[in-house]
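Student: I would like a close look at one part of this model. Please take me through a single spot and then its surroundings.

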Amino acid sequence: MAVKKRRQTKSLAAGRPPTVRRPKSISRKATKALINSHHLLEKKKAQAIARGDQAAENKIDAEIAALGGIEKYQLASLQGQRLDRGGDSSYVLMEWLQPLDSALSPSPENRLKMLEVGALSTTNACSRSGIFEMERIDLNSQGDGIEKQDFMKKPLPKDDSERFDIISLSLVLNFVPDAMGRGAMLLRSLEFLKPPRTQRPPKLRDPFPSLFMVLPAPVSRITNL
């Protein structure tokens, strides 16, 4: 059988705003405003790219940099994960998995493997649950336990031992600047998921493998996402 030629993948860094020095803390109101502004600017940037408006794209990049770039956004997102700030998105995933509690095992040999792309913290709900063998990556690692790596450049798995039962793309896909790139990222995710035939307890055969994806509301309203 002929082997299909793989299309060259683009770096995720192409869609990420520039980094700046991180401030110590920001208020709850400022956190929400910064995150919302950032997502709206990313939406406008995607639209500018779609119509080939380089001047508008450069202007939006400057506005994103003026907000503090990706590090300020990540700091706001980290603060937003606190329970008093609304909690992290992985709580939603854990709630969805509650009906499967009896089949989910914390024992090392039976834990599900999870790849968290764009990881901000090693103490979110998924990490603390104990049911996942975690691998965390991000373009701009926030500390120990998170590998600095571009998902689009991550070496493809050699076999199922290097694949995952679930991949988390929480507030990640919206940073990919064009529809073709977003599609390439989703297709690449399939390469890293274990096949459905993988041996699992009966109760886990339907839910896994899975892709947990979170999009900001302004971006999810773009019809050509």
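Tutor: Start with a pair of charged residues: arginine 200 and aspartate 165 are both buried. This is a predicted model. The two side chains form a salt bridge, with the closest N and O atoms 3.0 Å apart. Arginine 200 sits in the loop between helix 6 and strand 5, and aspartate 165 in the loop between strand 3 and strand 4, so the pair ties together parts that are 35 residues apart in sequence. Lys194 joins in: Asp165, Lys194 and Arg200 are linked in a network of salt bridges.

Now move to strand 4, residues 166-170. Strand 4 is mostly covered, with five of its five residues buried. Ile166, Ser168 and Ser170 point one way, while Ile167 and Leu169 point the other way. In a regular strand, side chains alternate between the two faces of the sheet.

Next, the sheet itself. Five strands form an open sheet in the order 3-2-1-4-5, with parallel pairing. Its edge strands are strand 3 (147-148) and strand 5, each pairing on one side only. Strand 4 pairs with strand 1 (residues 112-117) in the parallel sense, over four bridges. There, methionine 114 stands opposite isoleucine 166. Strand 4 also pairs with strand 5 in the parallel sense, over five bridges. Here leucine 169 has methionine 213 as its bridge partner.

Two helices lie across these strands. Helix 6 (residues 179-192) lies across strand 1, strand 4 and strand 5, at about 155° to strand 4. Helix 4 (residues 90-97) lies across strand 1, strand 2 (132-138), strand 4 and strand 5. Its angle to strand 5 is about 140°.

Finish at strand 5, residues 210-214, which holds methionine 213. Methionine 213 is partly exposed, at a relative accessible area of 38%. Its bridge partner, leucine 169, is buried. Methionine 213 also belongs to a nonpolar surface patch of about 220 Å², made with Leu186 and Leu211.

For contrast, look at another salt bridge. Lysine 45 and aspartate 61 meet at 2.9 Å, N to O. Lysine 45 lies in helix 1 (residues 28-50) and aspartate 61 in helix 2 (residues 54-67), so this pair ties together parts 16 residues apart in sequence. Lysine 45 is buried, with a relative accessible area of 5%. Aspartate 61 is partly exposed, at 23%. The salt-bridge count comes to eight.

Note on methods
Residues numbered from 1 in each chain as written. Predicted model: local features only at pLDDT ≥ 70, side-chain atom pairs only at ≥ 80, totals over all residues. Heavy atoms only, no water. Patch = residues over 30% accessible without salt bridge, like charges linked within 9 Å, V, L, I, M, F, W, Y side chains within 5 Å. Areas by Shrake-Rupley, 256 points an atom, 1.4 Å probe, with all protein chains shown as cover. Salt bridge = Lys/Arg side-chain N within 4 Å of Asp/Glu carboxyl O. Buried < 20%, exposed > 50% of the residue type's maximum accessible area, 1.4 Å probe, protein only. Pairing = 2+ DSSP bridges. Contact = heavy atoms within 4.5 Å. Axes fitted to C-alpha atoms, helices over the stretch in contact; angles between N-to-C directions.
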